[in-house]
Amino acid sequence: MKVFLDTNISIDFLSKRPPFTQESVQLFQLSENGEIQLFTSTPILATAHYVLKKFVFDTELRQTLSDITEILTVVDDTASALETA
């Protein structure tokens, strides 16, 4: 199954933000177990960074974002990709 993570789920996972912390963690666990594939886009990661940098040290946040890109796939969000879809 393919699952696209939006900004809110990404922020829930990265910040352990209630009330959906457990559900967001479960998505990443399912992905690590090979049960689902996670996808997101560059603007979603950029927005998550923008929101969370107010609460987390920038170097730590950048490392965390880098780490999760090894678990999920960042999809192409260009105009040509939209036309193809």
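**Salt bridges and a helix residue**

Arg 62 and Asp 58 sit together in helix α4 (residues 58-68), four residues apart, which is about one turn of the helix. Helices here are DSSP runs of H or I with at least four residues, numbered from the N terminus. Across that turn, Arg 62 makes a salt bridge with Asp 58, and their closest N and O atoms are 2.7 Å apart. The term salt bridge means that a side-chain nitrogen of Lys or Arg is within 4 Å of a carboxyl oxygen of Asp or Glu. Asp 58 counts as partly exposed because its relative accessibility is 31%; the classes are buried for under 20% relative accessible area, exposed for over 50%, and partly exposed in between, using a 1.4 Å probe and protein chains only.

Before going further, keep in mind that this is a predicted model, where local features need pLDDT of at least 70, side-chain atom pairs count only at pLDDT 80 or more, and totals for chains, interfaces and linings use all residues. Residues are numbered from 1 along each chain as its sequence is written, and side-chain values use heavy atoms, leaving out hydrogens and water.

The structure has two salt bridges. Besides the pair in helix α4, you can look at Asp 12 and Arg 17, whose side chains meet in a salt bridge at 2.6 Å, N to O. Asp 12 has 6% relative accessibility and therefore counts as buried, whereas Arg 17, at 31%, is partly exposed.

Now turn to Gln 26, in helix α2 (residues 21-32). Gln 26 is partly exposed because its relative accessibility is 39%. Phe 13 is 13 residues from Gln 26 in sequence, and their C-alpha atoms are 9.4 Å apart in space.

Key:
Helices (H or I, at least four residues) and strands (E, at least two) are DSSP runs, numbered from the N terminus.
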